[in-house]
Amino acid sequence: MKYAFQKMRLEADSFHALITNWVETQLVVTENSARIIGYGYAYEIAGAFSDLVLDWEAAILLPRQELGLEAGEYDLSMLEEGLYAFKDQHRFPLADRPVVVEVVSVGEED
C-alpha cells in the first residue's frame, strides 16, 4: 500500500513532550540549522507517524540563533533539573519551546 503522505510539517507547543527516550536522540547544530534527530519519540507519536507514512524519519527543528551553541553533534539527556545537550564533557541547558517537526517518508520507491 502506498501512503498518501510523503512529507509532513507539524507544530508542537513543547518539544520536551514529544520525546520519552532522549538516549535515542541527538542534537545536530550546523551554521544554519539546529535539529533533534533519532527515534526516541513517545509511543503514541511514533505510532501516529507510522500510521501516516509507515517508514519515516522525523526531525525537531529548533531556532538555531536562540540556542547559543557551536556547530556540532550533541548527546541529549533529561536530568532532574531539565534537558541538557552534552558535548566534550560540557553540558548546555535546552529550554522547552514551541517547535516544528518534519516527518518524511523513507520507504522504497515504486
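Start by selecting strand S1 (7-12), strand S4 (56-62) and strand S8 (99-105): they are part of what covers the buried residues of helix H1. Keep in mind as you click around that this is a predicted model.

Now add H1 itself, residues 43-53, and show side chains for Ala46, Phe49 and Val53, which are its buried residues. Look down the helix axis: these buried residues fall within an arc of 60°, so they line one face of H1. The general rule behind this is that an α-helix has 3.6 residues a turn, so residues three or four places apart point the same way. Spin round to the other side of H1 and pick out Tyr43, Glu44 and Asp51, which are exposed. Before leaving, click on Leu54, which follows H1 and has a positive phi, near 50°.

Next stop, the core. Select Phe15, Leu27, Tyr41 and Ile60: within the largest nonpolar core, which has 28 residues, these have the most contacts. S1, strand S2 (25-29), strand S3 (34-38), H1, S4, S5, S6 and S8 each put in at least two residues. Which element gives the largest share of this core? That's S4, with four residues. As a general point, nonpolar side chains in soluble globular proteins tend to be buried together.

Zoom in on Leu27 and show what surrounds it. Leaving out residues up to four places away in sequence, Leu27 touches a list of residues that includes Ala34, Ile36, Leu62, Leu69, Tyr74, Leu76, Ala85 and Leu94. Don't hide the polar side chains, though, since Arg35 and Glu73 are also among the residues it touches.

From there, move to strand S5 (residues 72-79) and strand S6 (residues 82-87), an antiparallel pair with five bridges. The two strands make a hairpin with two residues between them. For a landmark, select Asp75 and find its bridge partner in S6, Phe86.

Carry on along the chain to strand S7 (residues 90-93), which runs antiparallel to S6 and is joined to it by four bridges. Here Tyr84 sits opposite Pro93 in S7.

Last, select the loop between S6 and S7, where you'll find Asp88 and Gln89. In general, most residues other than glycine have a negative phi. What sign does phi take at Asp88? Positive, about 50°, although Asp88 is not a glycine. Gln89 isn't a glycine either, and its phi is positive too, about 60°. Switch on the surface for both: Asp88 counts as exposed at 61% relative accessibility, and Gln89 is exposed with a relative accessible area of 84%.

How values were computed:
Residues are numbered from 1 along each chain as its sequence is written. This is a predicted model: local features need pLDDT of at least 70, side-chain atom pairs count only at pLDDT 80 or more; totals for chains, interfaces and linings use all residues. Side-chain values use heavy atoms; hydrogens and water are left out. Two strands pair if DSSP finds at least two bridges between them. Buried means under 20% relative accessible area, exposed over 50%, partly exposed in between (1.4 Å probe, protein chains only). The arc is that of the directions from the helix axis to the C-beta atoms. Contact means heavy atoms within 4.5 Å. A nonpolar core is a set of buried Ala, Val, Leu, Ile, Met, Phe, Trp, Tyr and Cys residues joined through side-chain atoms within 4.5 Å.
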